[in-house]
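Here are a few notes to read alongside the structure, for anyone opening it cold. Start with the hairpin, then work outwards.

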Amino acid sequence: METLLLKDKDIEKAASIIKKGGLVAFPTETVYGLGADALNPEAVASIFAAKNRPADNPLIVHVASVDEIEKLVFNIPKKAKILMECFWPGPCSLVFRKKEIIPAITTAGLDTVVIRMPDNEIALELIRKSGVPIAAPSANTSGKPSPTTAAHVMHDMVGRIDAVLEGGCCQKGIESTVIEVSTEVPMVLRLGSLSVEDIEKCIGKVEIATETSEVKSPGMKYRHYAPDAKLILVEGDENAVDEKIKELSLKYKGSMTLKREDVAPEKLFAVLRKIETAIVICPSVPEIGLGKAVMDRLRRAASERIVLE
Ligand code: TXA
Ligand code: MG
């Protein structure tokens, strides 16, 4: 299939593709999404096919207004309301009990659905003009770094989807934070562009889900974001890490070493996509603010982790 590269003046065209059950990648403030009508099971099935995504990994549903979610979910917990007031539109994805109208394939058979309102005018206009909620995972081939430019999307998806709606670089660069608020203590199911500190300022203490938590996000069991190179992540105190990296770069001749500023959230995925050496060595960053999400992504991208005392 031919993949059209559309500009923002072509949103109408992009919306008509979505309405007809097609696939359109579009920019958001976090990463590019691969969108389809969330209420059309065949359209959603083609998202899974284009990405090679495991069928047990549910999709996030994107809306353009708070009013739209009433027909999609049962009740809106109080803490969800507070988070929506504080952070919508924005990288705050919330878990709700889903209504029948959302097909099982969209949520991989779960009785919950994750919904967010992206903070990007092109995305919002696309949702409004389509007249339906849009299911959209990140628009990369499953297992690869998420796309933060239209060129990244084209690289992974050309010939596999109907169109890419061009919208420059995504400002945040890391996916949204997924939060479950129906548990006694709210749980961050996936770290992301909204920091834990900012969430806690708004609703108090939250927990961060681990592989062994009872409540978790199905997607988190997969290794993700793998660059083509072997990535060695060196974690620990800054000076000790720098020493170790010197030693490793002598050992692995022809390897490349990343600097801490290369893995700033807004650059991380673009940098991982650009590596041309067989081995890349990367230092850890402090796990405060968005550093938590950066370290989560780096650990998933890494082939080897060296953790210094
Ligand atoms: O920033 C973002 O969230 C981007 C843009 C396009 O909005 N989307 C995105 O989608 O990152 P995706 O599919 O790559 O990641 C969605 C994550 C996965 O870890 C998935 O398992 C989790 O959200 N998720 C989706 N629905 C869920 C549910 N009902 N319960 C728990 N986790 C869910
Ligand atoms: Mg993804």
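**Notes on the fold and the ligand site**

1. A good place to begin is strand β9 (residues 177-180), which runs antiparallel to strand β10 (residues 187-190) and is joined to it by three bridges. The two make a hairpin, with six residues between them. If you want a pair to click on, valine 178 sits opposite arginine 190 of β10. Bear in mind throughout that this is a predicted model.

2. Next, follow β10 to its other partner. Strand β11 (residues 207-208) pairs with β10 over two bridges, this time in the parallel sense. Here methionine 187 faces glutamate 207 in β11. To get from β10 to β11 the chain passes through helix α6 (residues 196-203), and this β-α-β crossover is right-handed.

3. Now zoom out to the sheet that holds these strands. It is an open sheet of 11 strands with mixed pairing, and the order is β1-β8-β2-β3-β7-β4-β6-β5-β9-β10-β11. Why do β1 (4-6) and β11 each have one side without a neighbour in the sheet? They stand at the edges and each has a single partner strand, so nothing in the sheet flanks the other side.

4. Further along the same order, look at β4 and β7. Two bridges join β4 to strand β7 (residues 134-135), and the two run antiparallel. Histidine 62 has isoleucine 134 in β7 as its bridge partner. Keep histidine 62 in mind, since His62 is also among the closest residues to ligand 1.

5. That brings us to the ligand. How many residues surround ligand 1? The count is 26, and the closest are Thr30, Asn57, His62, Ser176 and Gly219. The space that ligand 1 takes up is the largest pocket.

6. Which strands help build the shell? β4 (60-62), β6 (112-116) and β10 each supply at least two residues to the shell around ligand 1. The biggest share comes from β6, which gives four residues.

7. Some polar contacts are worth checking by eye. Arginine 116 has a polar side-chain atom 2.9 Å from an oxygen atom of ligand 1. Arginine 190, which we met opposite valine 178, likewise puts a polar side-chain atom 2.9 Å from an oxygen atom of the ligand. With glycine 219 the backbone is involved: one of its polar backbone atoms is 2.8 Å from an oxygen atom of ligand 1. On its own ligand 1 has 680 Å² of accessible area, and the protein covers 96% of that.

8. There is also an open sheet of four strands, in the order β13-β14-β12-β15, where the pairing is parallel. Its edge strands are β13 (256-257) and β15 (304-307), each pairing on one side only. Strand β12 (residues 230-235) is joined to β15 by four bridges, with the two running parallel. Within that pair, glutamate 235 stands opposite valine 307 of β15.

9. Finally, two backbone details in loops. The peptide bond from tryptophan 88 to proline 89 is cis, with omega near -10 degrees. Proline 89 belongs to the loop between α3 (78-87) and β5 (92-97). The other residue to check is asparagine 52, where phi is near 60 degrees, a positive value in a residue other than glycine. Asparagine 52 is in the loop between α2 (41-51) and β4.

Conventions
Residues are numbered from 1 along each chain as its sequence is written. Chains are lettered from A and ligands numbered from 1 in the order in which they are written. This is a predicted model: local features need pLDDT of at least 70, side-chain atom pairs count only at pLDDT 80 or more; totals for chains, interfaces and linings use all residues. Side-chain values use heavy atoms; hydrogens and water are left out. Two strands pair if DSSP finds at least two bridges between them. A crossover is right-handed if, with the strands pointing away from the viewer, the path from the first strand over the helix to the second runs clockwise. A residue is near a molecule or strand if one of its heavy atoms lies within 4 Å of it. A polar contact is a pair of N or O atoms within 3.5 Å; within protein, one must be able to donate a hydrogen and the other to accept it, and residues adjacent in sequence count only if both atoms are side-chain atoms. Accessible areas come from the Shrake-Rupley method with a 1.4 Å probe; for residues, only the protein chains shown count as cover. On a 1 Å grid over the protein atoms alone, a cavity is a set of points where a 1.4 Å probe fits but cannot get out, and a pocket is an open set with protein on both sides within 12 Å along at least five of seven lines; lining residues have an atom within 4 Å of a point. A molecule sits in a cavity or pocket if more than half of its atoms lie within 2 Å of its grid points.
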